[in-house]
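Colleague: Please take a close look at one strand and its partners, and then at what else can be said of the sheets and open spaces. Plain wording will do, with each term explained once.

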Amino acid sequence: METLSKGQRLPLANLVPDGVLDVGVAAQGLALDFACFGLDANGKLSDERYMTFFNQPRTPCGGVEARAASHGDNAAFAFQLARLPAGVERLVLTASIDGGGVMSQLQAGHVRLQAGGRELARFAFAGADFAQEKAVMLAELYRKDGAWRCMAVGQGFNGGLDALVRHFGGEVAQSAPAAPAAASAVMQAKIDLEKRVEREAPQLVSLVKQAGVSLQKVGLSAHRAKVCLCLDISGSMGRLYKEGLVQRFAERILALGCKFDDDGEIDVFLFGKNVHHPAPMALSNCNTYVGQAITRHPLEGDTRYGAAMQAIRAFYFPDARGGERTRPIAAELPVYVMFVTDGGTSDQATTEKQLRWASNEPIFWQFMGIGKGRKSKSKFLAAFADSDFPFLEKLDELQGRLVDNANYFSVSSPDEHSDAELYDLLMTEYPGWLKLARGQGLLR
């Protein structure tokens with residue numbers, strides 16, 4: 001591991017040739033908000049979607065994502081540098097004070113670079129490095145001769161986060177006098193999502209509104225969460241894909257994601273024999289998303305719930321790599337996973353372990369079986385004595401979990417329910433899980 005001093009530069013090409021890098025940041029003595037700004041060649045934030053922070057946790061391309069902190073960090077960012085568009089020349093990590101105080105009151109802090117589970121470099125800082133500043137640029141990743149480098153910065157700003165936003169070319173809306181500086185910057189950084197939906201995906205307008213109605217019923221109008229859609233691509237799903245039923249269902253989940261978050265996209269995982277993680281489904285690509293995803297990843301034999309759950313857990317909480325977790329881990333935002341399948345799984349033991357381990361993480365699993373099952377809103381299907389999903393019914397009541405982190409229902413077809421009925425159904429157990437998760441320290 002290399003120890004960096006202020007102003008020192010570190011070439012990354014040999015250390016992380018694939019451009020996959022994790023950066024953890026920490027500070028003691030002050031409550032700080034951390035952010036990452038994606039800047040163009042002029043050092044300006046030309047697209048507000050490339051300001052990554054707790055309220056906008058991912059760039060449209062997936063090249064930068066705010067992750068759950070671990071290993072003594074207060075915040076973490078995952079970088080996939082190869083995904084960034086050519087117009088993003090610099091990535092600047094910043095910290096700003098959330099509340100009162102100045103940077104000179106910091107006891108200690110660090111920025112650390114990690115790849116493949118190995119710490120590559122660390123930049124340490126403390127209050128003695130600053131004076132009355134309210135914000136600071138901590139470190140920078142930048143392109144040089146076609147390759148990425150890292151520089152330890154440590155430059156303070158007296159005006160806090162507002163000053164940083166203005167410095168990077170953004171505009172800061174005026175807020176009420178009592179509101180903290182961070183609040184106005186957060187409001188300015190939010191995308192006007194409703195206008196984007198009308199412009200980029202007008203077919204989602206009514207879906208977004210209906211999702212909002214269902215959320216209001218359960219008191220979650222202002223709730224924020226990440227949304228993930230996990231789709232079975234086993235061969236038996238072929239008709240559902242061919243007839244566009246999965247595409248239309250995915251659009252309904254994207255609409256829910258638009259109410260839970262403001263980046264206009266949801267993460268997607270596909271699973272059969274293998275697990276695939278394509279680019280997110282977004283307003284800009286949603287019209288043909290599912291068809292294109294299946295073209296790139298054709299239907300497969302076998303169905304493995306556990307493998308898909310492991311990949312999802314490793315993506316959102318990489319410290320455990322989808323493995324065993326016996327103690328709770330907290331995050332700012334929960335993850336809502338919509339898990340869709342039309343059959344049983346060949347890795348039942350792995351699936352049970354994954355669900356138990358995931359109960360120590362702020363992640364909720366909403367399973368939907370396409371077929372007949374005992375837990376069905378269809379009176380006709382519920383009348384059947386047999387079930388296509390006895391294992392999902394078992395998972396719904398699985399013992400040995402920190403909290404009940406899953407719900408299950410079955411449908412005869414993805415379009416069986418109206419939009420209103422579906423969104424109400426998706427909120428059956430999630431609000432209760434949120435209370436349990438907060439009580440167990442899974443959510444900050």
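Modeller: Strands β9 and β10 (residues 118–125) pair in the antiparallel sense, joined by 7 bridges. This is a predicted model, in which local features need pLDDT of at least 70, side-chain atom pairs count only at pLDDT 80 or more, and totals for chains, interfaces and linings use all residues. Residues are numbered from 1 along each chain as its sequence is written, and side-chain values use heavy atoms, with hydrogens and water left out.

Two terms come first. A strand here is a DSSP run of E with at least two residues, numbered from the N terminus. Two strands pair if DSSP finds at least two bridges between them. Strands of a sheet pair through backbone hydrogen bonds, either parallel or antiparallel.

Between β9 and β10, Leu-113 faces Ala-121, and Gln-114 faces Glu-119. The two strands form a hairpin with 2 residues between them. Gly-116, in the turn, has a positive phi of about 60°.

β9 also pairs with strand β3 (residues 20–28), again antiparallel and with 7 bridges. Here Asp-22 lies opposite Gln-114 of β9. Gln-114 therefore has a partner in each direction, if one puts this beside its pairing with Glu-119 in β10. Of the 8 residues of β9 (108–115), 7 are buried, so the strand is mostly covered. Buried means under 20% relative accessible area, exposed means over 50%, and partly exposed lies in between, with a 1.4 Å probe and protein chains only.

β10 has a further partner in strand β1 (residues 2–4), which runs parallel to β10 and is joined to it by 3 bridges. In this pairing Glu-2 stands opposite Ala-121.

Another sheet is open and has 6 strands in the order β2-β12-β11-β8-β4-β5, with antiparallel pairing. β2 (9–11) and β5 (51–52) stand at its edges with a single partner strand each, so one side of each has no neighbour in the sheet. Inside the order, β4 and β8 (residues 90–97) are joined by 8 antiparallel bridges. Phe-37 has Val-92 of β8 as its bridge partner.

β4 (32–39) is also one of the elements that give two or more residues to the lining of the largest pocket, along with β6 (64–67) and β7 (75–80). On a 1 Å grid over the protein atoms alone, a pocket is an open set of points with protein on both sides within 12 Å along at least five of seven lines; a cavity is a set where a 1.4 Å probe fits but cannot get out; lining residues have an atom within 4 Å of a point. Grid points are joined across faces, edges and corners, and a volume is the space filled by probe spheres set on them.

The largest pocket holds about 680 Å³. Of its 29 lining residues, Phe-54, Ala-331, Glu-332, Leu-333 and Arg-444 are closest to its centre. By class the lining has 18 nonpolar, 3 polar and 8 charged residues. Ala, Val, Leu, Ile, Met, Phe, Trp, Tyr, Cys and Pro count as nonpolar, Asp, Glu, Lys and Arg as charged, and the others, Gly among them, as polar.

There are also 3 cavities of 30 Å³ or more, and the largest holds about 100 Å³. Its lining has 3 nonpolar, no polar and 7 charged residues. β14 gives the most to this lining, with 3 residues.

Notes:
Helices (H or I, at least four residues) and strands (E, at least two) are DSSP runs, numbered from the N terminus.
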